[in-house]
Number of protein chains: 2
Amino acid sequence: MRARVQAAAKLLGYVPHAGARSLSMARTHAIGVILPDLHGEFFSEIVRGMDREATARGYHLLLSNMHADAALATVAMRSMRGRVDGLVVMAPQLDAAGLDEALPGVIPAILINSLREAARPAMRVDNRAGIAAVVGHLVASGRRRLVHIAGPTGNVDGDERRESFLETVAASVPDARPVVLPGTFREESGEAAVATLAERGLLAPGAIDGIVAANDMMALGALTALRAAGVAVPGGIAVTGFDDIPLARYLGLTTVRVDLVEMGARAVTRLVERLEGGVADDRTEGIVPELVIRTTTESPA
Amino acid sequence: MRARVQAAAKLLGYVPHAGARSLSMARTHAIGVILPDLHGEFFSEIVRGMDREATARGYHLLLSNMHADAALATVAMRSMRGRVDGLVVMAPQLDAAGLDEALPGVIPAILINSLREAARPAMRVDNRAGIAAVVGHLVASGRRRLVHIAGPTGNVDGDERRESFLETVAASVPDARPVVLPGTFREESGEAAVATLAERGLLAPGAIDGIVAANDMMALGALTALRAAGVAVPGGIAVTGFDDIPLARYLGLTTVRVDLVEMGARAVTRLVERLEGGVADDRTEGIVPELVIRTTTESPA
DNA sequence: CTGTTAGCGCTTTCAT
DNA sequence: ATGAAAGCGCTAACAG
């Protein structure tokens, strides 16, 4: 008899309505993902990691792009209520107040590289350790006149990297006069930064000998512009990035490796465990990046 | 009074339950995306295009990875009923019967690079035109002994590219004895293919002079392996890819450009128009790829 | 073991 | 104008 129903279902092409089931069970088996944007390999890699883990655990991923504006972010997150069981939120450009306001209290969330991690489960890249590693490497190989191409102001990662660049340089190079140029984390701003250096006459031989970009994409932009300007890398100027996106390996960029795929996967793992186990693990898990030395920082010798 | 309710809602932190609303309105404002896997830049780019368009039109994207198996694909698609308003399906490895069986008849779908497009809205890259363009370019620059690193058998794109490679070579090079090596669309299989060539003694100077890979990732793998083997590119052997993923530009790979972002965006556009306008546009839209000549095919001279 | 019913949180229709 | 009720398609807790 159960068999007869099944047969009829097949015959009529019946497919269960997941939405109705979710309503009834108060369980969607979906995870909402809130990201600034999908540009470049940085976010692709994270999403890939999340997708791998979500699929493995029987969850779907619901994507939503967050605009920089806190009000819009609020709308984006609220619109997820009832569609997902939990949220992975990456909002590096939101301040703590904006984040608190945007996050619906009712829905469990894990933050990645955002402020206000103390009270919630979170993942955080150790930006200071990463910058300390590249600066240390550059200084150890004899570079002294360093330039930093920064991330956007107000962005947690950008701010931390800029600050620790200044601190580390001040601590390791006496009488250093580090230069900090603004950037947006996008390739073009790496090129723009080099253009600025040229204007200031800092591309002249010996004026500067190392560029520490706040992420890989800007480092690549800088590389392109330097080569176009006829500056030898690493002969004249060494260049470093941050993240170790796949492209970096192909282009021989010295950088700091953050296991993006693993970070995404781990965020999903923690969220799902929380959803299913009920364990509230409000710790901030640090991701320690690792220095990867490639050709853009070889000794000039 | 309406105001009093709104006030109370704010105060209690009420957030509407999108799931319940969907049930009631029979509208989810979500689009399901079924992909083989998220590996490499190929799929990232497509998803990026879909996301851009979906966000612009007020839709969310629900990701689901399809396993090669038709039965699992069926489960994946069925599980989307009631969660999404429509589907973008990319199933290059499914045969027509498998696809028909997997697709829930009830839910509108648009296919990308899959079989059985005739009866449904679809997008399709013109593989033959793309391969004809690269082969033509290689032949025009004096290459005669060509090797093809193929995509997986049973994959629509892989099969089409392999076939048209053979046809085009047969038509344009008299007495040609083209070699076809198996591949998986992944970087490692490009390296493996070169290893195979080495075993067969085909890496000796003059033995072959051009490698046409079925996609960019395999071309990159081949490039790496060739350089490691001390073979000059393009001096000894020219190399071409397919897709023009972002990496290709950085590495100077000659390839065939498929506007992946645009293809994803266009698929979403057509689907949404269908959902909202009710117009059933069952045509297959062809994407004509464009030859992009870079350094890996420069003339040996 | 089969059949009925209430309810998930919303929208929509209908009555007041 | 506000209030009451039915129903979206399912699950779960009942009763027969």
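**Strand pairing, helix packing and chain contacts**

Modeller: In this predicted model, strand β5 (residues 122-125) of chain A pairs with β11(A) in the parallel sense, over four bridges. Within this pair, A122(A) stands opposite T284(A) in β11(A).

Biologist: What makes β5(A) and β11(A) count as a pair?

Modeller: Two strands pair if at least two bridges are found between them. β5(A) and β11(A) share four bridges, so the criterion of at least two is met.

Biologist: To which sheet does this pair belong, and what is the strand order?

Modeller: The sheet is open and has 12 strands, with mixed pairing. Its order is β11(A)-β5(A)-β4(A)-β3(A)-β1(A)-β2(A)-β2(B)-β1(B)-β3(B)-β4(B)-β5(B)-β11(B). From one strand to the next, the twist averages 20 degrees.

Biologist: Why are β11 (284-287) of chain A and β11 (284-287) of chain B called edge strands?

Modeller: Each of these two strands pairs on one side only.

Biologist: How do you know that β2(A) and β2(B) pair, and in which sense do they run?

Modeller: Three bridges join β2(A) to strand β2 (residues 60-65) of chain B; the threshold is at least two, so the two strands count as paired. They run antiparallel, and L61(A) stands opposite L63(B) in β2(B).

Biologist: What does β2(A) contribute to the side of chain A that touches chain B?

Modeller: β2(A) gives the most to that side, with six residues. The contact as a whole takes 34 residues from chain A and 33 residues from chain B. On the chain A side, α2, α3, β2 (60-65) and α10 (246-251) each supply at least two residues. By class, the side of chain A that touches chain B has 16 nonpolar, 13 polar and five charged residues.

Biologist: Why is the packing of α3(A) and α11(A) called oblique?

Modeller: Helix α3 (residues 40-56) of chain A and helix α11 (residues 260-277) of chain A pack at an angle of about 40 degrees, with axes 7 Å apart. Angles under 35 degrees count as roughly parallel, and 65 to 115 as roughly perpendicular. The angle of about 40 degrees falls in neither range, nor is it over 145, so it is classed as oblique. α3(A) and α11(A) are therefore oblique to each other. The crossing of α3(A) with α11(A) is right-handed.

Biologist: Which residues of α3(A) and α11(A) meet?

Modeller: Among them are F42(A), I46(A) and M50(A) of α3(A), and L260(A), M263(A) and V268(A) of α11(A). By class, this contact of α3(A) with α11(A) has 11 nonpolar, three polar and five charged residues.

Biologist: How do α3(B) and α11(B) cross, and what is the angle?

Modeller: The axes of helix α3 (residues 40-56) of chain B and helix α11 (residues 260-277) of chain B come within 7 Å and cross at roughly 40 degrees. α3(B) and α11(B) are therefore oblique to each other, and their crossing is right-handed.

Biologist: Which residues lie around DNA strand C, and what puts them there?

Modeller: A residue is near a strand if its C-beta atom lies within 6 Å of it. The residues around DNA strand C include M1(A), R2(A), P16(B), H17(B) and R21(B). α2 (18-25) of chain A and α2 (18-25) of chain B are the elements that give two or more residues to this surface. α2(B) gives the most, with five residues. By class, the surface near DNA strand C has six nonpolar, three polar and two charged residues.

Terms used: Residues are numbered from 1 along each chain as its sequence is written. Chains are lettered from A and ligands numbered from 1 in the order in which they are written. This is a predicted model: local features need pLDDT of at least 70, side-chain atom pairs count only at pLDDT 80 or more; totals for chains, interfaces and linings use all residues. Axes are lines fitted to C-alpha atoms, for helices over the stretch in contact, and angles run from 0 to 180 degrees between N-to-C directions. A crossing is left-handed if the near helix is turned anticlockwise from the far one by less than a right angle, and right-handed if clockwise. Two residues are in contact if their C-beta atoms, placed from the backbone, lie within 7 Å. Ala, Val, Leu, Ile, Met, Phe, Trp, Tyr, Cys and Pro count as nonpolar, Asp, Glu, Lys and Arg as charged, and the others, Gly among them, as polar.
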